[in-house]
Amino acid sequence: RAAAAFEGFILELCGSNSIERRTEPQYAEDYRRIINFMELHCCEGLTVGRIAKECGMSPSTLKRIFRMFCDRGIIEYHNSMRIRLAIKMLEDGTNICAVSDALGFSSPAYFNVAFKRETGLTPKVYRETGQYNRDTMPF
């Protein structure tokens, strides 16, 4: 059950055609290791270098394997994971600066930029208007 839920989450983030992009299934375990690491460290500002080191591969190999399975870049994907958590935290009433800090954004200003890039709204506008439509989101 957990594996199916995880796969559904990955497909939702990467788009439904991600299975079709699996041109080299021997890298599936590496991809799972990358995703697992990012999930465990979702509340941190990760870099390609750190992810690669922790997953035992070079940055170029990491990027290549990730692109085999996902239409997004690895940092873009990681930021999407953090924005999803941010949305839940904002819906629960958490202060915007506290959300930024908790999710490891370098500053509240960068959090605002990243949030708007993903949702089309700043966190403040999102909180004030509640105008958020999950069906139109890019992730």
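Select Lys124 and Glu128 to begin: their side chains meet in a salt bridge, with N and O 4.0 Å apart. These two residues sit four apart in helix 8 (residues 123-129), which means that about one helical turn separates them. Glu128 is exposed, its relative accessible area being 57%. Keep in mind throughout the tour that this is a predicted model.

**The whole chain**

Now show the protein chain as a cartoon, where eight helices and zero strands can be followed, in the order α-α-α-α-α-α-α-α along the sequence. If you colour by accessibility, 40% of the 139 residues of the protein chain count as buried. Of the contacts between residues at least 6 apart in sequence, 61% join residues at least 24 apart. The structure holds six salt bridges, and the tour returns to some of them below.

**Helix 2 against helix 4**

Next, select helix 2 (28-40) together with helix 4 (residues 59-69). The two helices pack with their axes 9 Å apart and at an angle of about 100°, and because angles of 65 to 115 degrees count as roughly perpendicular, helix 2 and helix 4 are described as roughly perpendicular to each other. To see the contact itself, display the side chains of Ala28, Asp30, Tyr31, Ile34, Ile35 and Met38 on helix 2, which meet Leu62, Ile65, Phe66 and Phe69 on helix 4. Sorted by class, the residues of this contact are nine nonpolar, no polar and one charged.

Stay on helix 4 and ask which of its residues are buried. They are Leu62, Ile65, Phe66, Met68 and Phe69, and they lie on the same side of helix 4, because they cover an arc of only 150° around the axis. Four residues named in the contact with helix 2, Leu62, Ile65, Phe66 and Phe69, also appear in this buried set.

Then move back to helix 2 and select Asp30 and Arg33, whose side chains form a salt bridge with an N to O distance of 2.8 Å. The two residues are three apart in helix 2, so about one helical turn lies between them. Are these partners buried or partly exposed? Asp30 is buried, at a relative accessible area of 18%, whereas Arg33 counts as partly exposed at 35%.

**Cys43, in the loop that follows**

Continue along the chain to Cys43, which is found in the loop between helix 2 (28-40) and helix 3 (48-54). Cys43 is partly exposed, with a relative accessible area of 40%. Leaving aside residues up to four places away in sequence, Cys43 touches Leu85, Ala102, Leu103 and Gly104. For Ala102, one of these, you can draw a line between the C-alpha atoms: Cys43 and Ala102 are 59 residues apart along the chain, yet their C-alpha atoms are separated by 6.4 Å.

**Helix 5 against helix 7**

Now select helix 5 (residues 74-91) and helix 7 (residues 108-119), whose axes come within 10 Å and cross at roughly 95°. Helix 5 and helix 7 are therefore roughly perpendicular to each other. On helix 5, the contact is made by Glu76, Asn79, Ser80, Arg82, Ile83, Ala86, Ile87 and Leu90, and on helix 7 by Tyr110, Phe111, Ala114, Phe115, Glu118 and Thr119. These residues divide into eight nonpolar, three polar and three charged.

**Glu118 and its partners**

Within that contact, centre the view on Glu118, which lies in helix 7 and counts as buried at 6% relative accessibility. Measure from its C-alpha atom to that of Ser80, and you should find a separation of 7.0 Å between two residues that are 38 apart along the chain.

Finally, add Arg72 to the selection, where a salt bridge joins Arg72 and Glu118, with the closest N and O atoms 3.1 Å apart. Arg72 lies in the loop between helix 4 and helix 5 and Glu118 in helix 7, so the pair ties together parts that are 46 residues apart in sequence. Arg72 counts as buried too, at 8% relative accessibility. To complete the picture, display Glu76 as well, since salt bridges that share partners join Arg72, Glu76 and Glu118 into one network.

How values were computed. Residues numbered from 1 in each chain as written. Predicted model: local features only at pLDDT ≥ 70, side-chain atom pairs only at ≥ 80, totals over all residues. Heavy atoms only, no water. Buried < 20%, exposed > 50% of the residue type's maximum accessible area, 1.4 Å probe, protein only. Contact = heavy atoms within 4.5 Å. Axes fitted to C-alpha atoms, helices over the stretch in contact; angles between N-to-C directions. Parallel < 35°, antiparallel > 145°, perpendicular 65-115°, else oblique. Nonpolar A, V, L, I, M, F, W, Y, C, P; charged D, E, K, R; others polar. Arc of directions from axis to C-beta.
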